[in-house]
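Subject: Structure for you to look at

Hello,

Here is the structure I said I would pass on. Please open it before reading the notes below.

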Amino acid sequence: MIKTFLNLPRYQKRIISVASDMIVLFFAIWAAFALRLEQHLWVPSWDQTIVAAITVVFTIGVFIRLGLYRAVIRYLGDKAFLTIIYGVALSSLSLIILGYLLQVFVPRSVPIIYGALAFLFVSGTRLGVRMIVNHPRQRRKEAVAIIGAGQTGMQLASALEQGTEYRPVLFITFERANHKAMINGLPVASIGHIAKHAAKHRVQRLLLALDADSQVDRKALLKQLEPLSIPVQTVPSMSELVAGQARINDIRDLEIEDLLGRDPVRPDTAIVAESLYQKAVMVTGAGGSIGSELCRQIIRHKPRMLVLFEQSEFSLYAIERELHSINQVEGLDVELHPLLGNVAHRRRCETVMKAFGVQTVYHAAAYKHVPLVEHNVIEGVQNNVFGTWHAAEAAVAAGVERFVLISTDKAVRPTNVMGASKRLAELVLQGLAQRQSDTVFSMVRFGNVLGSSGSVVPLFRDQIRDGGPVTVTHPDIIRYFMTIPEASQLVLQAGSMGKGGEVFVLNMGEPVKIADLARKMIHLMGLNEKTEDHPDGDIEVVFTGLRPGEKLFEELLIGDDPQGTAHPRIMMAREASMLWAEVDATLDKLMRASQSFDCRAVVDVLRTAPTGYAPNSEVVDLVWCVGSEEAPSVATEGNVRRLPV
């Protein structure tokens, strides 16, 4: 019957609602008189019937005027109940006035009794219908517990109640005093009793809804939630909600910052803003993971112009469209110039820098995926070494004030071509800093970036969703991690601090064991690890062995005596450099080896230069080894295989 009512046209529903209200209002008046006069079979006089009829019609008119019949019953809220209260109050008042004007016997307590009964009957019928309609729908929704009983948690619970996917059944609080309280009709449990109450309420998902000013230790919290093997997700930050970028019920996987397990490094925004405001800034590799985040942060410091330099057409299109939207929405009025180009083409770089009067260059263009560069040695060197050199020489020729290189921790005692090429790129800029003083060169070195194109986090997440296994190269491999915004902030900070030739590094805290990160993600996605001791687990962690050029441990410093800077978490490395004449000779040898496609000679040049390069495998360049019966060991001294030039 309820289902038939819900499927009726809207005007028919309103007619039925009006008719039912008229009936319950008449009954409320009769019951009020019967209770007051203590006559269970009380029969009204003709005058009393007229007064009752006028009161009911007046009340229906008030309800119509207040919009009660426009409210959808299944989404009935507080405002509808307030409307009923206002209508019933006016109805009781009209009963008093009509009794007085028409000289009809209406005891003084009858309007009060009538008002109470009318509110109970009118609101009760609606509440009953809403419960009958919503109960099956609510039971089909997934039971969730909201961690955080503050303003954000309240908003989330309210939004989920109206949604179709999740049903909040429990609040988790960090205040012991609120344990076993009730908020919005939902029970509240202390974080210390979460395991017991999650099982009791059959919680299928945990949602983090912490207020922006919450002092909760997220690392400790996630460690406490891990053993539950219940999926943990989060809601958008308050800044995203205020900016209109997301809604409170946009449930998403845990933020990468949560997996990092430490507070991100904050830049000195005043210094950064001063170095960017109303300047002409150019970002190479603008469409990459680091380059695009640099652009997002730079544009908000309101430079006069932002030049986007990128060789991938689609990546350039995507970042230009995103920045154009930010520019319009936030009213930044920054000139955007998307330009296709390769940093290895010096004249193109120089022409662009001169044409737009570029003052600061952030050089993010690089090949950084270790195994791919090992398999493509020449291209890796061309892009990372010669691309940096040509872009830097173009900057000198164009009169650029600052040039900042984005480097990597793999440049420290490298065991792979990617790391060695980035260390040589650092040496090139240090040599240029000695050769001239018009352009200030500085380098920023940091660890693995969570969420970047080469990050393990998206890979692990996809593998877990696909049912596993999760692949880790070695059980003892560890890495330093930071977030993309954090890395970009460090680059901007260093760009404003550099005096010439410095290598800046970030104090990144404790390194993370990759196998532990994989297990943590498995548990926080609500699954169990499959091992020999637990063969019934969901996801297996498989160790595939170190890849060519891969190290167990990464370092940020070559020496052990870093120098402090104005920023407490940024250090300056004290490391050996080369005179420009030595750099020039090394680049000449590297160029000749590259032009002849002699991968062995390229590796030898990288090894003899003061890069600290110590390869842990043979040359595995795919083209170099083609046609060999024993690839990659064929590329040995006295048996070097070259392609025709």
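The notes below go from the whole chain to single residues.

**Overall**

Please keep in mind that this is a predicted model. The protein chain has 22 helices and 23 strands. Of its 645 residues, 50% are buried. Among contacts in the chain with a separation of 6 or more, 73% are between residues 24 or more positions apart. The accessible surface of the chain is about 31000 Å², and carbon and sulfur atoms account for 55% of that surface.

**Helix 16**

Helix 16 covers residues 377–398, which is 22 residues. From the first C-alpha to the last, helix 16 reaches 30 Å, close to the 32 Å expected at 1.5 Å a residue. There is a bend of about 35 degrees in helix 16 at F386. Helix 16 is mostly covered, with 17 of its 22 residues buried. The residue that follows helix 16 is G399, and its phi is positive, near 75 degrees.

**Salt bridges**

Side chains of opposite charge can pair when their charged atoms come close. A search of the whole structure gives 14 salt bridges. Three of these pairs are described here.

The pair R296 and E293 has its closest N and O atoms 3.1 Å apart. Both residues belong to helix 12 (residues 289–299), where they are 3 residues apart, about one turn of the helix. An α-helix has 3.6 residues a turn, so residues three or four places apart point the same way. E293 has a relative accessibility of 12% and therefore counts as buried, the cut-off for buried being under 20%. This pair does not stand by itself: E293, R296 and E322 are linked in a network of salt bridges.

E426 and R445 also form a salt bridge, at 2.6 Å from N to O. E426 is in helix 17 (residues 417–435) and R445 is in strand 13 (residues 440–445), so this pair ties together parts that are 19 residues apart in sequence. Both E426 and R445 are buried.

The third pair is R600 with E618, whose closest N and O atoms are 3.1 Å apart. R600 is in helix 22 (residues 599–608) and E618 is in the segment after helix 22, 18 residues away, and the pair links these distant parts of the chain. Are the two partners buried or partly exposed? R600 has a relative accessible area of 13% and is buried, whereas E618, at 37%, counts as partly exposed.

**A nonpolar patch on the surface**

W46, I50, I54, F58, L90, L93, I96, I97, Y100, L101 and L102 make up a nonpolar patch on the surface. Together these residues have about 1100 Å² of accessible area. Which helices supply at least two residues each to the nonpolar patch? They are helix 3 (46–66) and helix 4 (78–101). Helix 4 gives the most, with 6 residues. One residue of the patch is I97, which is found in helix 4. I97 has a relative accessible area of 42% and so counts as partly exposed, a class that runs between the 20% limit for buried and the 50% limit for exposed.

**Two buried positions**

S442 lies in strand 13, the strand that also holds R445. With a relative accessible area of 1%, S442 is buried. What is S442 in contact with, leaving aside its neighbours within four places in sequence? Its contacts are F403, V404, L405, L429, A494, G498, E502 and F504.

V603 has its place in helix 22, the helix that also holds R600. V603 has a relative accessibility of 5% and counts as buried. Not counting residues up to four places away in sequence, V603 touches Y613, P615 and V619. V603 and S421 are 182 residues apart in sequence, and their C-alpha atoms are 9.8 Å apart in space.

**Where to start**

If you want a short route through the model, start with the bend in helix 16 at F386. Then look at the buried pair E426 and R445, and after that at the nonpolar patch, to which helix 4 gives 6 residues.

Regards

Methods:
Residues are numbered from 1 along each chain as its sequence is written. This is a predicted model: local features need pLDDT of at least 70, side-chain atom pairs count only at pLDDT 80 or more; totals for chains, interfaces and linings use all residues. Side-chain values use heavy atoms; hydrogens and water are left out. A salt bridge is a side-chain nitrogen of Lys or Arg within 4 Å of a carboxyl oxygen of Asp or Glu. Helices (H or I, at least four residues) and strands (E, at least two) are DSSP runs, numbered from the N terminus. Buried means under 20% relative accessible area, exposed over 50%, partly exposed in between (1.4 Å probe, protein chains only). Contact means heavy atoms within 4.5 Å. Accessible areas come from the Shrake-Rupley method with a 1.4 Å probe; for residues, only the protein chains shown count as cover. The expected span of a helix is 1.5 Å times one less than its number of residues. The bend at a residue is the angle between axes fitted to the seven residues ending there and the seven starting there. Patches are made of residues with over 30% relative accessible area and no salt bridge: like charges are joined within 9 Å, nonpolar side chains (Val, Leu, Ile, Met, Phe, Trp, Tyr) within 5 Å.
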